[in-house]
Amino acid sequence: MPRRARSALSAGLLLPLAALLLLLLGGGYFGMRILTKDRRDPTSFHGVTHLDVNQYLENGNSLRGNTYQITGVVESHLKWTAAGGRVLSVQFQGNPLPVRIPADIANESIQKGEEYRFKVQVEQDGLLVAKTLEKI
Amino acid sequence: MNPPFSAFRLPLRTFALPVFLAAASSTPGQVYTGEDAAPPPAAPNPPSAQASQPSSAGNRGLLGFDLPFLDPGSDIASWDGKAWNIANNRILQARFEKYLNAPEDDSEVDRAYREALDAILEALSPRRQGGPSLSRATALMERAATFEIDARLCDSLLNAVYGVWLSERNVSSLQAANRELTNELRQANWNVEVASERSRLSPPPRNSGGGDQPEGGRGGQTAGDDSSTESGGSQSMQEATRLGTYLAQVAEIHALRTKNKAEMAVAAFQQKVEFQSLIAQFFLQRRFEHVVIACRLYRKLFDDGDGQLQLEKGSEAAKMFRTSLGVNPTINTLDSFANEAIRDVDEGVQSFLYLVERDELDSASKRLAEAFAVGEYLPRVRTLPREEKRKVVGFVRNANQLISALEVKDYGLAGELVERLRREAVDFDYSKANAAVQAAKTVSDMHIQQALLAARKSDDAAVQDNLRKAMEAYPTNPKLQEISSLIVGANDIQGQALSDLDRLISEGNYRTIYKDQARFIAASVAEPRRQEQLREILGNLRRIDVGIEQASRLAETGNREAAWEILERLFDEFPDDKELSARRSDLTTEVAGFVRALRTAKSLEERRQTGSSLAWYLKARQLFPGSEYASDGIQRIVDTVLPDDPPLAGAGTSGETSPLD
């Protein structure tokens, strides 16, 4: 008797399997695309660590060049210039921290008391300069 | 106040006229001596001149115009450009005291002298039987001149009389000469007349060369005619010569007679003037008995009735007599004044004796001083018993001392003397002296009080001015000694205070200066440099104290950070003040978090950790929103990290606050 039934899968089984495979491949592809895209976006807070306030207060210059994110309430505006932007005092983890907002990103209306998330970089003199910000 | 020796006032007033007239006429210079008179001899100076005044005499003659003059209102006598107070004259006082202590003249010699003078006066008295006897008087004068007390004044008088006699003898000889000259003149006149007659009888000389003679006439003349003509001319010449000689003799005799007459007149006049001068000198010397004798001798010697004093026309003496007497003074004037002086002295001495008996020593001493001043050489004064005089010696001495005390403004001694004199003499008028003493003391004390007040106000100029016035008013004021001690003591205190001030400044111990500031302020009144230092120190300490007080109040209300900031600012300026430092330390502990934030911020700022420093300043401001230190630090750093935009025309402005706020 011929063994005919055991070596060939039925068409009804192969089709769902193929659809599932395609679905997995497509999901993986889009997932990879998404992950790759977040890492290349400078406005992204993905992977940005939170600032160690105590370390910053103790020796801000030691953090020069690093990028941190801070989330806090705008406490006050310390100064504004058209060319240089503004300097804010942001309440972060119970400490007021000065954050300079360059003019190129300061076009957004920032009100005292509003909470923002800042992606900041510690510059040469230890000052926190915002790279991006988003209102929370 | 009536100084005892003001007793001289009355008699000198009474006899001012004669005395000064006598003084004025005491030398020939004040008596008219004619145009050719020799310059007057220098007159003796007045016995004393306590107060001299600039002589206005200039080149005026000593005795021609400078008549001694007494102002009765002020008792100031003036003579020869000098003035002195006759009531306050040291020499007169000394002479009077000497007189009071001298024994009376009651010896045999003195009595004999007095008897001699009386005899002279008797011999010259007009009432003497047989008239005045000049010879007896001169004989007695020779005897009187031998007494020492006479000072040979009678001898001088005798010399004057002898001079008059010589003058009279000279005049007699001149008169005899003139008589002889008259005879000669008569003879000369006769000769002139005879000579004139001869000249008239002799033929007139012919004119040999006359053109009027006719030729025929001339032709008849012979040589004999010529010889007779020549002899006639010679005779005429001799007669004319003789006549001229006689005329010359007449003229010469006339001249000699005139000369002799003039000499006789001058001699008589000169003797009168000299005798008048002698009388005036006796008057000035208060030798009134000699004045009387001399006046009687004058009348005897110059019996022409002319007794008028020959005063220089226009002189002060002449003016005085004319204004007071209305007539020219005469010998009789001096005679009467001398007799009046003798009588007044007698009366003064009698008054003295009466007052002494009643213990009215003030008046008694004055009366005796008056009598002494006028009649020092009169017998009534010379023979006054010493026991009587001694009764007023003490009073006079004290009174003179009172005058001296008042002169030197020793009012303490003057007050004591016034009290002593009041006890000694019941009639002593102490009101003036007492008033002067009390007034001077009051004025001086008042200035001393003003000086003390000025010293408290540190008004050095007023202190010096009042002390000077106090000293001028009462130089020996004992209170001046006290205030001087105070001032000296104050100077010591001042020096010590200034030394302490310098030391404390060098030590930086300003708090001690501040606590004792009153002493240092007073001590540095005259020290501008120290005053400036003190002013700065005290001003700073006042600021510190005010800050501490202000901080204390803020701390009490819970505003400790603000209190700390006040003290911190002061501490920055005055880190050496211990009190400030202590208060600041206390507050630092109380606001440690705030202080730590500020100090950390400051430290990080200095290390150019701008971000961290700014974060700390913000943290400090969070702890004390009103913190000036935090605000200043924030502003300073923000301006650094965010400089202002360059100014552009029409451009937007930048600032501390965003347009978004």
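## A glycine in helix α16

B:Gly412 sits in helix α16 of chain B, which spans residues 411-424. This is a predicted model, so keep that in mind for everything below. With a relative accessible area of 22%, B:Gly412 comes out as partly exposed, because buried would mean under 20%.

Who does this glycine meet? If you skip the neighbours within four places in sequence, B:Gly412 is in contact with B:Lys441 and B:Tyr474. There's also a C-alpha pairing to look at: B:Gly412 and B:Gln438 are 9.7 Å apart in space, with their positions 26 residues apart in sequence.

## Chain B overall

Chain B has 661 residues, and 41% of them are buried. Its secondary structure amounts to 27 helices and 4 strands. Take the contacts in chain B with a separation of 6 or more: 69% of them come from residues 24 or more positions apart.

On confidence, chain B averages a pLDDT of 76, and 76% of its residues score at least 70. Over residues 208-223 of chain B the pLDDT is below 50, and that stretch has 3 contacts in the model beyond near neighbours in sequence. Residues 651-661 of chain B also stay under 50 in pLDDT, and here the model has 26 contacts beyond four places in sequence.

## A buried arginine and a positive phi

Is B:Arg114 buried or exposed? B:Arg114 counts as buried, because its relative accessibility is 13%. You'll find B:Arg114 in helix α4 of chain B, residues 108-123. Its side chain reaches the backbone oxygen of B:Tyr377 at 3.4 Å. Leaving out residues up to four places away in sequence, B:Arg114 touches B:Ile149, B:Glu289, B:Tyr377, B:Leu378, B:Pro379 and B:Arg382. So B:Tyr377 turns up both in that contact list and as the residue offering its backbone oxygen to the B:Arg114 side chain.

Another arginine worth a click is B:Arg152, which has a positive phi of about 60° although it is not a glycine. B:Arg152 lies in the loop between α5 (134-144) and α6 (153-201) of chain B. At 46% relative accessibility, B:Arg152 counts as partly exposed.

## Chain A overall

Chain A has 136 residues, 39% of which are buried. It holds 2 helices and 5 strands, and from the N terminus on these run α-α-β-β-β-β-β. Among contacts in chain A between residues at least 6 apart in sequence, 48% join residues at least 24 apart.

The average pLDDT of chain A is 83, with 83% of the residues scoring at least 70. Going element by element, helix α1 (residues 11-40) of chain A has the lowest mean pLDDT, 76, while strand β3 (residues 95-101) of chain A has the highest, 93.

Chain A has a positive phi to check too: A:Gln93, which isn't a glycine, has phi near 55°. Where is A:Gln93 found? A:Gln93 is in the loop between β2 (85-92) and β3 of chain A. At 54% relative accessibility, A:Gln93 counts as exposed.

## Where the chains meet

Now for the interface. The size of an interface is often given as the accessible area lost when the parts come together. Here, chain B and chain A bury about 2500 Å² between them, and 57% of that is on carbon and sulfur atoms. In residue terms, 30 residues of chain B are in contact with 35 residues of chain A.

How many salt bridges are there between chain B and chain A? The count is 2. A:Lys79 forms a salt bridge with B:Asp639, where the closest N and O atoms are 2.8 Å apart. As for polar contacts, the count between chain B and chain A is 14 residue pairs, with both residues at pLDDT 80 or more.

On the side of chain B that touches chain A, α26 (610-623) and α27 (628-641) of chain B each supply at least two residues. The largest share, 10 residues, comes from α26(B). By residue class, this side of chain B divides into 12 nonpolar, 10 polar and 8 charged residues.

## Scores for the whole model

The model scores ipTM 0.76 and pTM 0.43.

Technical notes: Residues are numbered from 1 along each chain as its sequence is written. Chains are lettered from A and ligands numbered from 1 in the order in which they are written. Side-chain values use heavy atoms; hydrogens and water are left out. Contact means heavy atoms within 4.5 Å. Buried area is the accessible area (1.4 Å probe) that two parts lose on being put together, summed over both. A salt bridge is a side-chain nitrogen of Lys or Arg within 4 Å of a carboxyl oxygen of Asp or Glu. A polar contact is a pair of N or O atoms within 3.5 Å; within protein, one must be able to donate a hydrogen and the other to accept it, and residues adjacent in sequence count only if both atoms are side-chain atoms. Ala, Val, Leu, Ile, Met, Phe, Trp, Tyr, Cys and Pro count as nonpolar, Asp, Glu, Lys and Arg as charged, and the others, Gly among them, as polar. pLDDT is the predictor's confidence in each residue, from 0 to 100. Buried means under 20% relative accessible area, exposed over 50%, partly exposed in between (1.4 Å probe, protein chains only).
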